[in-house]
Amino acid sequence: METEVKLTSIHAVLAIIAGYLSFLLSTGAISGLGKNEALAVLAGLVILYLAGQISERVFGKEEVGGIKGWFTSGILPFFFIWILVWVLLYNH
């Protein structure tokens, strides 16, 4: 169970970063890119993929538990925290 907590923690931290980056991209705060929600979503998905790769390298594929373990301890927390941070910052 300790691996699941660490896996979720990695994804939670990276989800906060992805939410902030998505906020910057979707509001046009980064000059030159304009308001681009599609790029904001793509950035979040790329960060999710990187989080999965980091988790597999740190813990190993067997420790993560395959796609089922990554889905329950990684993808779901990442998705909910990412959307929560993005919406809260966007509506502020």
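**Exercise 1. Place Ser73 in the chain and state whether Ser73 is buried or exposed.**

Ser73 is found in helix α4, which covers residues 66-91; helices here are DSSP runs of H or I with at least four residues, while strands are E runs of at least two, numbered from the N terminus. The model is a predicted one, in which local features need pLDDT of at least 70 and side-chain atom pairs count only at pLDDT 80 or more, whereas totals for chains, interfaces and linings use all residues. Residues are numbered from 1 along each chain as its sequence is written, and side-chain values use heavy atoms, with hydrogens and water left out.

The next step is the relative accessible area, which for Ser73 is 8%. Ser73 therefore counts as buried, since buried means under 20% relative accessible area, exposed over 50%, and partly exposed in between, with a 1.4 Å probe and protein chains only. Leaving aside neighbours within four places in sequence, Ser73 is in contact (heavy atoms within 4.5 Å) with Glu4, Leu7 and Thr8.

**Exercise 2. Describe the protein chain as a whole, beginning with how many helices and strands the chain has.**

The secondary structure comes to four helices and zero strands, and the elements run α-α-α-α from the N terminus on. Taken along the principal axes, the C-alpha atoms fill a box of roughly 40 × 20 × 15 Å. Of the 92 residues in the chain, buried ones make up 36%. Among contacts with a separation of 6 or more, residues 24 or more positions apart account for 71%.

**Exercise 3. Work out which residues Thr3 and Phe23 touch beyond their neighbours up to four places away in sequence.**

Thr3 lies in helix α1, residues 2-27, and Phe23 lies in helix α1 as well. Thr3 is buried because its relative accessible area is 19%, and Phe23 likewise counts as buried, at 19% relative accessibility.

With residues up to four places away set aside, Thr3 touches Phe59 and Glu63. Under that condition Phe23 touches Trp86, Leu89 and Tyr90. Phe23 and Leu89 are 66 residues apart in sequence, yet 6.5 Å apart in space from C-alpha to C-alpha.

**Exercise 4. Find the salt bridge of the structure and say which side chains meet in it.**

Side chains of opposite charge can pair when their charged atoms come close. A salt bridge is a side-chain nitrogen of Lys or Arg within 4 Å of a carboxyl oxygen of Asp or Glu, and a search of the whole structure finds one. The side chains of Glu2 and Lys6 meet in this salt bridge, at 3.0 Å from N to O.

Both residues lie in helix α1, four residues apart, which is about one turn of the helix. Glu2 counts as exposed because its relative accessibility is 55%, whereas Lys6, with a relative accessible area of 40%, is partly exposed.

**Exercise 5. Identify which residues form the nonpolar patch on the surface.**

The patch is formed by Leu42, Val46, Tyr49, Leu50, Ile54 and Val58. Patches are made of residues with over 30% relative accessible area and no salt bridge, where like charges are joined within 9 Å and nonpolar side chains (Val, Leu, Ile, Met, Phe, Trp, Tyr) within 5 Å. Together these residues have about 560 Å² of accessible area, a quantity that comes from the Shrake-Rupley method with a 1.4 Å probe, and for residues only the protein chains shown count as cover. Leu42, one of the patch residues, lies in helix α2, residues 37-59.
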